[in-house]
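Got your viewer open? Load the model below and keep the selection box handy.

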Amino acid sequence: MSLRVFHFTTHCDGWSPEGNISFNANGIRNAERIRIQQYRFNNSNQLQKFDIGYVALDQNGQSVAFDFLPGESMETIWPDGVPHDGTLMKSIINIELGVTAVMYILATLGIALAIVCFIFMVVFRERKFIRLTSPNINYITCGGCMVLYTSIFFLAIQSTDETITTAICNVRIWLWAIGYSVAFGPVLGKMYRVYYIFNNPKPNKKRVVKDWMIGVLISVLAGIDVIILVIVTAVPELRTTAILKQSTEYPQIVSGAFHDTAINCIFICDSQKGYTIWHGVLFGYKGLIQVIAILLAFGTRKVKVKGLNDSKYIAAIIYVTSICLVVVIISFATLRDKVNTLAVIYSLGFWCAATIILLLVFIPKFFATYKDPEGQTVFPSTVVQVDKDHCKVVALEKRIQILQLQLAHEHKSLENMKQLTISRDSNVGFGEVIQYDADVGHTPPMVVNV
């Protein structure tokens with residue numbers, strides 16, 4: 001029976017809405033292309049048949065290519081990107097190797113610079129110029145910058161494994177948040193010390209902002225970061241995890257005669273809820289620190305004292321790091337689904353902040369130590385000015401004493417003249433006027449008859 005059906009089929013030749021229908025000896029339809037249709041719901045939510053394209057065939061009846069009709073595409077055929085009975089093909093995109101390599105090189109150079117600065121402070125800590133700039137606080141600055149550089153290793157890398165990416169997301173937040181506070185804390189503390197010296201509301205009280213006070217300030221700043229991150233980590237809904245999301249940075253991968261499609265996906269750091277909110281709290285806290293530092297820098301902009309040699313460099317650090325922080329915040333708000341762009345901006349933002357801090361804090365010390373190893377020119381102008389002011393004060397005190405003696409002498413002379421006037425009034429006749437010379441007490445009185 002099957003043979004008879006095959007015989008009649010191969011000898012069939014006619015027309016249909018699809019065009020000419022005929023088959024060769026092997027039972028393959030004789031056609032150059034086959035129209036493909038799809039049943040799907042129209043705008044009225046009614047099932048309808050749509051022409052979507054043609055399959056081109058070769059002489060052997062094998063498919064060569066599939067061509068869409070105008071207005072049709074993979075998005076119109078399968079809005080979800082895959083047939084309802086098919087399996088979705090996903091391709092996880094990672095940060096490009098070139099981006100990771102460049103960021104790793106920059107981070108390594110930054111850590112090397114921090115180590116050089118730390119060794120320099122240890123070796124020359126007894127020099128007069130170095131002691132003046134609080135070497136213990138500078139050690140903390142080096143440590144904070146190294147932590148900030150280390151965060152770049154986690155900002156510029158990503159894994160295709162969900163568990164590993166989740167760990168990377170949490171580590172990078174802890175490192176950059178605490179590292180930034182520890183690196184910027186000494187800058188804020190030193191600027192406050194300069195501000196306090198020149199804007200002390202009670203200058204008579206000899207209170208000094210000492211290094212241990214700045215250390216407490218740094219601990220408080222970092223402690224606030226720790227409290228925020230501990231709360232976020234402890235609450236499951238706020239905890240940072242890696243979430244797979246379709247990429248908008250790269251197009252889908254389309255290959256093959258039938259346009260096989262694989263959706264490009266990326267892992268982003270997110271949480272079940274509140275991720276943007278608590279990140280806003282963290283960035284807002286950093287921004288508040290920057291605003292306070294900017295106000296202090298603005299309040300000390302006219303201070304030009306050689307002994308406070310860090311003040312102008314610290315002000316420059318505050319302004320530059322504020323710009324870096326603003327760029328990072330904007331990129332977080334707008335580029336979260338663009339892994340390569342976000343990695344570059346985040347990494348460069350924190351790298352520039354740490355590098356500016358190190359360069360402006362330590363490079364002037366390198367040159368000053370090289371030009372004046374013994375620190376002989378650290379205080380000369382200040383000491384001379386103090387000596388001159390002291391001499392002026394002593395001279396003024398002596399002048400005041402002389403004037404006081406002269407005033408006492410004149411007062412005594414005036415009292416004597418009053419007594420002399422009273423005694424002579426008893427001897428002067430009626431109608432006589434006593435005329436005195438301007439120099440009282442030195443010229444005898446003259447009697448004039450009227």
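What follows is a short walk from one arginine to a neighbouring topic, the nonpolar core.

This is a predicted model, in which local features need pLDDT of at least 70, side-chain atom pairs count only at pLDDT 80 or more, and totals for chains, interfaces and linings use all residues. Residues are numbered from 1 along each chain as its sequence is written, and side-chain values use heavy atoms, with hydrogens and water left out.

Select Arg-172 to begin. You'll find Arg-172 in helix H6, residues 162–198 (helices are DSSP runs of H or I, at least four residues, numbered from the N terminus). Arg-172 is buried (under 20% relative accessible area, 1.4 Å probe, protein chains only). What about a salt bridge (a side-chain nitrogen of Lys or Arg within 4 Å of a carboxyl oxygen of Asp or Glu)? There is none: Asp-270, the nearest side chain of opposite charge, sits 12 Å away.

Now show the backbone oxygens. The Arg-172 side chain reaches that of Phe-154 at 2.7 Å and that of Ile-157 at 3.1 Å.

Next, pick helix H5, residues 135–155. Its 21 residues reach 31 Å from first C-alpha to last, close to the 30 Å expected at 1.5 Å a residue (1.5 Å times one less than the number of residues). Buried residues of H5 include Ser-151, Leu-155 and Tyr-149.

Finish on Tyr-149. Leaving aside neighbours within four places in sequence, Tyr-149 is in contact with Ala-107, Gly-110, Ile-111, Trp-351, Ala-354, Thr-355 and Leu-358 (heavy atoms within 4.5 Å).

Note on methods. Helix = DSSP H or I, 4+ residues; strand = E, 2+ residues; numbered from the N terminus. Buried < 20%, exposed > 50% of the residue type's maximum accessible area, 1.4 Å probe, protein only. Lys, Arg positive; Asp, Glu negative; His and termini not counted. Polar contact = N/O pair within 3.5 Å; in protein donor to acceptor, adjacent residues only side chain to side chain.
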